[in-house]
Amino acid sequence: MNIRPVPFDHPDAVKLNDQVQLEYAERYGDEGDLTPLDPSMFEPPLGRYLLAYDERERPTATGGWRTQNENAEGYSDGDAELKRMYVIPEARGLGLARRILADLEDDARAAGRTRMVLETGAMQPEAIALYVSSGYEPCTKFGLYRHEPLSHCFAKPL
């Protein structure tokens, strides 16, 4: 597996983003994640976006982080927000999400961020299990879905 940084609007990133949005829509019976995202949010040193490719150069997993600071949506100064963690179904169980998560944490730490935060939902138990097993703990809700009952927010000091 080859994990490398790409722009958020790279064609392979767009392809996997479309796939994860379809999965969100299916799991939650809605339009997917409506959080506004712009490619510039993932440009170093304010963020980073990673793609994993298999031995045949097919995109198989993705994830990114973006800078957040204290604001009305409940973020705190020094936050790095995890976004768009996704592994295609046929590549699940290979440890790709855990590898991308660790790389993103290291990168955010090196960029001076002090806490990684993420929002996921009750209909994604495998994601919750990954984050809890990686040292994330429930935290005060933040972001677009902070008032939604199915939303779960987690944080980990970097």
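## Tyr131 and its partner

Tyr131 is buried, with a relative accessible area of 6% in this predicted model. Residues count as buried when this value is under 20%, so Tyr131 falls on the buried side of the cut-off. Tyr136 is also buried, at 2% relative accessibility.

## Aromatic pairs

The count of aromatic pairs comes to five. One of them joins Phe8 and Tyr49, with ring centres 5.0 Å apart and planes at 80 degrees, so this pair is edge-to-face. Phe8 sits in the loop between β1 (2-5) and α1 (11-28), whereas Tyr49 belongs to strand β2 (residues 47-53), so the pair ties together parts that are 41 residues apart in sequence. Phe8 has 11% relative accessibility and counts as buried. Tyr49 is buried too, with a relative accessible area of 1%.

Tyr131 and Tyr136 form an aromatic pair as well. Their ring centres are 5.8 Å apart, the angle between the planes is 65 degrees, and the pair is edge-to-face. Planes over 60 degrees apart count as edge-to-face, so the 65 degrees of Tyr131 and Tyr136 meets that rule. Elsewhere, ring pairs link Phe8, Tyr49 and Phe42 into a cluster.

## The chain as a whole

What secondary structure does the chain have? There are three helices and seven strands. Read from the N terminus, the order of the elements is β-α-β-β-β-α-β-α-β-β. The radius of gyration is 14 Å, and the globule rule gives 15 Å for 158 residues; the two values are close, so the chain is as compact as a globular protein of that length. Along the principal axes, the C-alpha atoms fill a box of roughly 45 × 35 × 30 Å.

Of the 158 residues in the chain, 45% are buried. How much of the contact set joins residues at least 24 apart? Among contacts between residues at least 6 apart in sequence, the share is 64%.

## Surface and charge

The chain exposes about 8,000 Å². Carbon and sulfur atoms supply 53% of that area. As for charge, there are 18 positive and 27 negative side chains. The centres of the two sets lie 4 Å apart.

## Leu50 in strand β2

Leu50 is placed in strand β2. Its relative accessibility is 5%, so Leu50 counts as buried. Which residues does Leu50 touch, leaving out those up to four places away in sequence? The contacts are Ile3, Arg4, Pro5, Ala61, Thr62, Gly63, Ile100, Asp103 and Leu104.

One of these contacts, Leu104, is 54 residues from Leu50 in sequence. In space, the two C-alpha atoms are 8.0 Å apart.

## Glu148 in a loop

Glu148 lies in the loop between β6 (137-138) and β7 (151-157). Is Glu148 buried or partly exposed? With a relative accessible area of 43%, Glu148 is partly exposed. Partly exposed covers the range between the 20% limit for buried and the 50% limit for exposed, so the 43% of Glu148 belongs there.

Glu148 and Leu51 are 97 residues apart along the chain. Their C-alpha atoms are separated by 29 Å.

## Backbone exceptions

Most residues other than glycine have a negative phi, and most peptide bonds are trans. Some places in the chain depart from this pattern, as follows. Pro44 and Pro45 are joined by a cis peptide bond, with omega at about 5 degrees. Pro45 is in the loop between α1 and β2.

Two residues with a positive phi can be set side by side. Glu57 is not a glycine, yet its phi is about 65 degrees. Glu57 is found in the loop between β2 and β3 (59-68), and at 42% relative accessibility it counts as partly exposed. Arg84 is not a glycine either, and its phi is positive at about 55 degrees. Arg84 lies in strand β4 (residues 79-87), and with a relative accessible area of 5% Arg84 is buried.

Conventions
Residues numbered from 1 in each chain as written. Predicted model: local features only at pLDDT ≥ 70, side-chain atom pairs only at ≥ 80, totals over all residues. Heavy atoms only, no water. Helix = DSSP H or I, 4+ residues; strand = E, 2+ residues; numbered from the N terminus. Rg over C-alpha atoms; globule rule 2.2 N^0.38 Å. Buried < 20%, exposed > 50% of the residue type's maximum accessible area, 1.4 Å probe, protein only. Contact = heavy atoms within 4.5 Å. Areas by Shrake-Rupley, 256 points an atom, 1.4 Å probe, with all protein chains shown as cover. Lys, Arg positive; Asp, Glu negative; His and termini not counted. Charge placed at Lys NZ, Arg CZ, Asp CG, Glu CD. Phe/Tyr/Trp six-rings, centres within 6.5 Å; stacked < 30°, edge-to-face > 60°.
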